[in-house]
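Visitor: Please take me through one helix of this protein in close detail. I would like its surroundings and the charged pairs of the structure as well.

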Amino acid sequence: MKYLKKIIPFAVSIFFVILFCYAAISKVLDFENFQHQISASSSLNGFSKFLPYTMIIVEVLIAGLLCYRKTRTMGLIGSFVLMLIFTGYVALLLSTNKNLPCSCGGILEKMSWQQHLYFNMGCVVLSVIALVLDLRYSRPAD
């Protein structure tokens, strides 16, 4: 059972590395469209100049942190915060009934806003579970 508690943070980290790298690469490959979608959101209007670059850099940075045992905890915290922000943004869009195109990139772009909310909420829960287990069981014994 203890092995499972150690492997879950590792598996969740792999999931987030794949998710964030996939999302970042999709955004880079269609950067003009991504920039346009960000600027189309009135909620993000003041940030539309630097936000596209920042999102890509943060996703790649967090993915990098998740790749190494020494930085995994920081990467899981980053994953939690980023997914919480994304979830809040999607919830805001749903509550204001704005019908904006998704700026996530790739397959994720095909989801409805409601599906996105559930997916992001699941990612938040996964990051919390992985973070708790990582903090509790993945540290070397003294």
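Guide: Here is a close look at helix α2, followed by its surroundings and the salt bridges. This is a predicted model, in which local features need pLDDT of at least 70 and side-chain atom pairs count only at pLDDT 80 or more, while totals for chains, interfaces and linings use all residues. Residues are numbered from 1 along each chain as its sequence is written, and side-chain values use heavy atoms, with hydrogens and water left out.

First, the setting. The protein has five helices and zero strands. Helices here are DSSP runs (H or I, at least four residues), strands likewise (E, at least two), numbered from the N terminus. Of the 142 residues, 39% are buried. Buried means under 20% relative accessible area, exposed over 50%, and partly exposed in between (1.4 Å probe, protein chains only).

Now α2 itself. The helix spans residues 31-39. Its buried residues are Phe31, Phe34, Gln37 and Ile38. They sit on the same side of α2, because they cover an arc of only 125 degrees around the axis. That arc is taken from the directions from the helix axis to the C-beta atoms. The face turned away from the buried side carries Glu32 and His36, both exposed. The cover over the buried residues of α2 includes α1 and α3 (51-66).

Confidence deserves a word. pLDDT is the predictor's confidence in each residue, from 0 to 100. Among the elements, α2 has the lowest mean pLDDT, 85, and α3 the highest, 96. The mean for the protein is 87.

The two covering helices are also joined by charge. Glutamate 59 forms a salt bridge with lysine 27, with the closest N and O atoms 2.6 Å apart. A salt bridge is a side-chain nitrogen of Lys or Arg within 4 Å of a carboxyl oxygen of Asp or Glu. Glutamate 59 lies in α3 and lysine 27 in α1, 32 residues apart. Both residues are buried.

The whole structure holds two salt bridges. In the other, arginine 69 pairs with aspartate 134, the closest N and O atoms being 2.8 Å apart. Arginine 69 is in the loop between α3 and α4 (72-96), and aspartate 134 is in helix α5 (residues 113-137). Arginine 69 counts as partly exposed because its relative accessibility is 29%. Aspartate 134 has a relative accessible area of 0%, so this residue is buried.

Definitions and conventions
Contact = heavy atoms within 4.5 Å.
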